[in-house]
Amino acid sequence: MEFKPVLTVASKEFWDRIRNRWVLAVALVFAAFSVVIAYFGSAQQGMVGFRSIEVTIASLVSLVIYLIPLIALLLGFDAIVGERERGSLGLLLALPITRFELMLGKYLGLALALTLSTLIGFGVVAVLLWQHMDANALFHYFGFIFSSVLLGLAFLSIAVLISVIAGDRTRASGMAIATWFFFVLVFDLILLGILVTTGGKFAGDSFAWMLLLNPADVFRILNVFSLEDVRTLYGLASVMPASLGNPLKMGGVMLAWIVLPLAVANWRFKP
């Protein structure tokens, strides 16, 4: 594999997102929602304003689970199928670049744009609240930002896979929305339904390990187990075995969610 064509494609994808102000728009969305949630996250308890890093992270986790997967899927669903529909895919592959190099370059460029917008958006909250945070709080907040980036990269990998296997942009967009619904809304409902219909027999380690099949749940586990008070705020902690409480293990699972869809996409990629 040659790195020069990969970097060339990645640079083009990234600067295209910079020129059309995509990065700025998404960063503003993240920043606006994050500030509002950080300040009003405790309104249901009759309080407003920044209370603690635990409450802030617990409030922002829900935002991230809904917003970042959707943005990542919409960002990457036409990365390959869009080139195919425009008739430029064959022209690109006629150049001295392999299919894997093209796909990897597109992914890296989009990943950089998504990562930059995430860092800027959530970084605004850190700047606004740094006077309320000690070193330990900042450590956990930046850990939350890092896990948010990993979640976005995981769903971006899934988006690239969708773009490779979809026949056209319309189908790709439909598959992207369906994927968001499944992982963010439907997956946990299915597990909960199984738990209820089996009378709790499905509870325990088997239930917990099933959660690893959803990158959104892996992200939730990462942040639930990062702070004691956050574990208390989420009932999810009560069904989690201690073996899944290791952030390094959960980080490894999230990395697998980034790598495996790209590997499948490379296998299925045909001009």
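Does R17 count as buried or exposed, and at what relative accessibility? In this predicted model, R17 has a relative accessibility of 14% and therefore counts as buried, since that value lies under the 20% limit.

**View 1. The R17–E13 salt bridge in helix α1.** The side chains of R17 and E13 meet in a salt bridge, with a distance of 3.4 Å from N to O. Both residues belong to helix α1, which covers residues 3–19, and they stand four residues apart, about one turn of the helix. An α-helix has 3.6 residues a turn, so residues three or four places apart point the same way. Like R17, whose relative accessibility is 14%, E13 counts as buried, in this case because its relative accessibility is 6%.

**View 2. The R19–D16 salt bridge in helix α1.** A salt bridge also joins the side chains of R19 and D16, at 2.6 Å from N to O, and these two residues of helix α1 are three residues apart, again about one turn of the helix. R19 counts as exposed because its relative accessibility is 55%, whereas D16, at 21%, counts as partly exposed.

**View 3. The R220–D217 salt bridge in helix α10, and a network of shared partners.** R220 forms a salt bridge with D217, and the closest N and O atoms of the pair are 2.3 Å apart. The two residues are three positions apart in helix α10, and so about one helical turn separates them. Both R220 and D217 are buried. Elsewhere, salt bridges that share partners join E13, R17, E83, R86 and K106 into one network, and the structure as a whole holds ten salt bridges.

**View 4. Helix α12 and its buried face.** Helix α12 runs over residues 247–268, and its 22 residues should span 32 Å at 1.5 Å a residue, which agrees with the 32 Å that separates its end C-alpha atoms. The residues buried in α12 are M250, G251, V253, M254, W257, I258, P261, L262 and A265. Seen down the axis of α12, these buried residues fall within an arc of 165 degrees, so they line one face of the helix. On the other side of α12, the residues L248, V259, L260 and W267 are exposed. The cover over the buried residues of α12 includes α6 (99–129), α7, α8 (169–197) and α10 (215–224).

**View 5. Helix α7, one of the elements that cover α12.** Helix α7 comprises residues 135–165, and its 31 residues reach 46 Å from the first C-alpha to the last, close to the 45 Å expected at 1.5 Å a residue. This helix is mostly covered, with 23 of its 31 residues buried.

**View 6. The whole chain, as a setting for the close-ups.** The secondary structure of the protein chain comes to twelve helices and zero strands, so that every element in the order from the N terminus on is written as α. Of the 271 residues of the chain, 52% count as buried. Among the contacts with a separation of 6 or more, 79% are made by residues 24 or more positions apart. The accessible surface of the protein chain comes to about 13,100 Å², and carbon and sulfur atoms account for 69% of that area.

Notes: Residues are numbered from 1 along each chain as its sequence is written. This is a predicted model: local features need pLDDT of at least 70, side-chain atom pairs count only at pLDDT 80 or more; totals for chains, interfaces and linings use all residues. Side-chain values use heavy atoms; hydrogens and water are left out. The expected span of a helix is 1.5 Å times one less than its number of residues. Buried means under 20% relative accessible area, exposed over 50%, partly exposed in between (1.4 Å probe, protein chains only). The arc is that of the directions from the helix axis to the C-beta atoms. Contact means heavy atoms within 4.5 Å. Accessible areas come from the Shrake-Rupley method with a 1.4 Å probe; for residues, only the protein chains shown count as cover. A salt bridge is a side-chain nitrogen of Lys or Arg within 4 Å of a carboxyl oxygen of Asp or Glu.
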